[in-house]
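Student: Please take one short stretch of this chain for a close look, and set it against the rest of the fold.

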Amino acid sequence: MSVTFEQHVDINATPEAVWTLITDATKWPLWIEQMEHVEGLEAVTPGASFQWRHGNQTGTGAVLQVDAERMILKLSTRLGNDERSHTFDIDRKGGFIRVGARDSRVRYTYAYDVAAGLLGKFVAAGNPGDTLRVKNTLQKLKRLAESSQ
């Protein structure tokens, strides 16, 4: 059973500025919730792998998709047997029919598989911890992007 949490945030920064920020792995610990340290990633390119740390837990990750034209970044993180996907999709916001738009809308989709049973049903129904994780990640990204303008 797959579970998906998706939210968006509007950011007062150009899509290009936000794209530059989300494709800079050195900045991920500043805004991706539960990713306090990233290493081993020379370039954010499809197939690249990295290690990440949260507290005393260390996991691995991979860059699955980098689409600069459509401004989509998809990552995978793994801690033991637990694998999660993180997709960030940036759109232009504002202006008349998006013409002259300067602001960005970032959608974050956080997904993973859960086992069947009572716990799986609870998580699938909307685990508040993961909902908050997605919200916090987007709010940190917004603060960082807007403070960089």
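Tutor: What follows goes from the whole chain to one loop and its surroundings. This is a predicted model, in which local features need pLDDT of at least 70 and side-chain atom pairs count only at pLDDT 80 or more, while totals for chains, interfaces and linings use all residues. Residues are numbered from 1 along each chain as its sequence is written, and side-chain values use heavy atoms, with hydrogens and water left out.

The protein chain holds 4 helices and 7 strands, where helices (H or I, at least four residues) and strands (E, at least two) are DSSP runs numbered from the N terminus. In order from the N terminus, its elements are β-α-α-β-β-β-β-β-β-α-α. Of its 149 residues, 39% are buried; buried means under 20% relative accessible area, exposed over 50%, and partly exposed in between (1.4 Å probe, protein chains only).

The part chosen is the loop between H2 and strand E2 (37-39), where Ile 32 is found. Gln 34 is in that loop too. Ile 32 is buried, at a relative accessible area of 4%, whereas Gln 34 counts as partly exposed at 34% relative accessibility. The backbone at Gln 34 has a phi near 65 degrees, a positive value in a residue other than glycine. Met 71, in the loop between strand E4 (57-67) and E5, likewise has a positive phi, near 55 degrees, but Met 71 is buried, with a relative accessible area of 12%.

Beyond its neighbours within four places in sequence, Ile 32 is in contact (heavy atoms within 4.5 Å) with Leu 75 and Thr 137. The C-alpha atoms of Ile 32 and Leu 138 are 8.1 Å apart, although 106 residues separate the two in sequence.

Leu 75 also links the loop's surroundings to Trp 28: with neighbours within four places in sequence left aside, the contacts of Trp 28 include Leu 75, Met 35, Val 38 and Phe 50. Trp 28, Ile 22 and Leu 73 have the most contacts inside the largest nonpolar core, which has 36 residues. Such a core is a set of buried Ala, Val, Leu, Ile, Met, Phe, Trp, Tyr and Cys residues joined through side-chain atoms within 4.5 Å. Helix H2 (28-31) is among the elements that each supply at least two residues of this core, as are strand E5 (72-79) and helix H4 (128-147). H4 gives the largest share, 5 residues.

Gln 34 belongs to another setting, the largest pocket, with about 270 Å³ of space. A pocket is an open set of points, on a 1 Å grid over the protein atoms alone where a 1.4 Å probe fits, with protein on both sides within 12 Å along at least five of seven lines; lining residues have an atom within 4 Å of a point. Grid points are joined across faces, edges and corners, and the volume is the space filled by probe spheres set on them. Of the 18 lining residues, Gln 34, Trp 52, Thr 77, Arg 84 and Tyr 110 are the closest to the pocket's centre. E3, E5, E6, E7 and H4 each contribute at least two residues to the lining.
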